[in-house]
Structure formats: structure tokens, C-alpha cells
Amino acid sequence: MKETRTLICIPDISGFTEFMSEADFELSSKVIPSLLNNIIYSNEIGLKISEIEGDAVLFYRQGRLPSLQSVLDQCHNFYTEFYRKLHELREQNVKNDNANSIPAILGLKIILHYGTQIAPVKVGSRIKLLGEDLIVAHRLLKNKVPFDEYILLSDDFVSTYSEEELEKTLSRTSFLKEAESYDHVGEVAYYYMQLVPPQA
């Protein structure tokens, strides 16, 4: 299995389980696919889809990373378009008693990781990703971040950029640093920033 430098991006819908249990099936079966499609169509930096995982999209991109600013802009685009769709879905389903729970319960968190211990393999007609760095990206969904909605950048992702670019880009944002220890992986450092819903 050939190892390739790969960016992993996972926009993950928070509140998914609560929404699925509280909203009626007719509403949830419309809302969740619409939100996942919205995430997919909001991709502007050439990310490819590996899997759609129920409440998340597993994107990847091989080779050289885009600029840090363009990656962060993409994350903010995912987020603003996600909320635009949330409010649109609430209006479309206003006659449903659970419509107000759409923006009240659901939100978005975005995980970014970069590594070489990963490779795309063809399984049937789909491309699937395998490797340790894919495991790390998924483990990072379980973390100490005290917010429901955020962008999380692994230290491996951040460290691929020059000090100049990090200083220019991260100094203008509100990223905090944390670390988490995971079984079979060890300690993984990461940076995170809270996302605040745009006003409707």
C-alpha cells in the first residue's frame, strides 16, 4: 500500500443523535440528507469524497496542501452554508411541530488532519482510505474541546505550514492549543477555535 501525503477533512453534524431521536422520521429523513448534500456542494478547494458517514462527510485531498487561509476559508464556508441551509429547512418545514429543533439542536464541527500514514484503495466502485492517520482523524472527534461547534486542526496539519504563514494567519484568529491521549495512538496535539452561528 503506497503512502501518500493526504489532507483529511471531516465536517461532522453535532446533535445528530438527539435530533434523530426527537424529530419525527419524515422530518429527519429530509433534513439530514439535505445538510450532507449542502456540505458536499460547499466544497471549493478540490476535496474528494471518501465516505458519507451518517452524520459526517469524510473528505480527502492528496498532495500539496492549499494555503492555510484558503483551508480556513473553506471551513467557514462549510459553516455559513450549513446554517443558511438549516434556516431554509426550518422555513420549508414550518408546519412540522419539530421544525424549530432543526437550528436549535443541530450544529457543525470540522476536523482537519494531515499525514503520510494513509492510502486510498479501491473497494468495489468506491475509493476508501486506510491507515493510521485516518484513525487519528476519527479519534480527534472525541476531544476536550468545550464547545459544540468548532474547527479543530491537528498539530500534524498545522506543522506543515511555514512559521511565516502560521504567524500571518493564526495570529488573526482565536485558536487555542490542547492535547489528547488516545489508546493505540498516543498523545495528539491540536488547535481549536469556537464557531459561532451566524444570525438568521
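Start by selecting Phe147, which is partly exposed at 25% relative accessibility. This is a predicted model, so read each stop on the tour with that in mind. Keep Phe147 on screen for a moment; its ring partner comes up later.

**Stop one: the α2/α3 pair**

Select residues 25-41 for helix α2 and residues 68-92 for helix α3. Two packed helices are described by the angle between their axes and the distance between the axes. Here the axes come within 9 Å and cross at roughly 150°. That angle is over 145 degrees, so α2 counts as roughly antiparallel to α3. The crossing of α2 past α3 is right-handed.

Now show side chains where the two helices meet. On α2, pick Val31, Ser34, Leu35, Asn38 and Ile39. On α3, pick Phe78, Glu81, Phe82, Arg84, Lys85, Leu86 and Leu89. Colour them by class and you get 7 nonpolar, 2 polar and 3 charged residues in this contact of α2 with α3.

**Stop two: further along α3**

Stay on helix α3 and click Gln74. Is Gln74 buried or exposed? With a relative accessible area of 4%, Gln74 is buried, because anything under 20% falls in that class. Leaving out residues up to four places away in sequence, Gln74 touches Ser42, Asn43, Glu44 and Ile45.

**Stop three: the rings**

Switch on the aromatic side chains. How many aromatic pairs are there? The count comes to 6. Zoom in on Phe59 and Phe78: their ring centres are 5.6 Å apart and their planes sit at 15°, so this pair is stacked. Phe59 is in strand β3 (residues 57-62) and Phe78 is in helix α3, so you are looking at a link between distant parts of the chain, 19 residues apart. Turn on a surface and both rings' residues come out buried: Phe59 has 0% relative accessibility and Phe78 has 1%.

Then go back to Phe147 and add Tyr192. Their ring centres are 6.1 Å apart with planes at 55°, so this pair is tilted. Phe147 lies in the loop between α5 (132-139) and β7 (150-154), while Tyr192 is in strand β9 (residues 186-194), so the pair ties together parts that are 45 residues apart in sequence. Unlike the partly exposed Phe147, Tyr192 is buried, at 9% relative accessible area.

Before leaving the rings, select Tyr79, Phe82 and Tyr83, which form one aromatic cluster. You have met Phe82 already, among the α3 residues in contact with α2.

**Stop four: Asp12**

Next, find strand β1 (residues 6-14) and pick Asp12 in it. Asp12 is an acidic side chain to check with the surface on: its relative accessible area is 8%, so it is buried. Which residues does Asp12 contact, leaving aside neighbours within four places in sequence? They are Asp55, Ala56, Gly107, Leu108, Lys109 and Leu141.

**Last stop: Glu22**

Finish at Glu22 in helix α1 (residues 16-22). Glu22 is partly exposed, with a relative accessible area of 48%. Draw a distance from its C-alpha atom to that of Ser101: the two are separated by 8.6 Å, though they are 79 residues apart along the chain. Beyond residues up to four places away in sequence, Glu22 touches Asn98 and Ile105.

Note on methods
Residues are numbered from 1 along each chain as its sequence is written. This is a predicted model: local features need pLDDT of at least 70, side-chain atom pairs count only at pLDDT 80 or more; totals for chains, interfaces and linings use all residues. Side-chain values use heavy atoms; hydrogens and water are left out. Helices (H or I, at least four residues) and strands (E, at least two) are DSSP runs, numbered from the N terminus. Buried means under 20% relative accessible area, exposed over 50%, partly exposed in between (1.4 Å probe, protein chains only). Contact means heavy atoms within 4.5 Å. Axes are lines fitted to C-alpha atoms, for helices over the stretch in contact, and angles run from 0 to 180 degrees between N-to-C directions. Angles under 35 degrees count as roughly parallel, over 145 as roughly antiparallel, 65 to 115 as roughly perpendicular and the rest as oblique. A crossing is left-handed if the near helix is turned anticlockwise from the far one by less than a right angle, and right-handed if clockwise. Ala, Val, Leu, Ile, Met, Phe, Trp, Tyr, Cys and Pro count as nonpolar, Asp, Glu, Lys and Arg as charged, and the others, Gly among them, as polar. Rings of Phe, Tyr and Trp (its six-membered ring) pair if their centres lie within 6.5 Å; planes under 30 degrees apart count as stacked, over 60 as edge-to-face and the rest as tilted.
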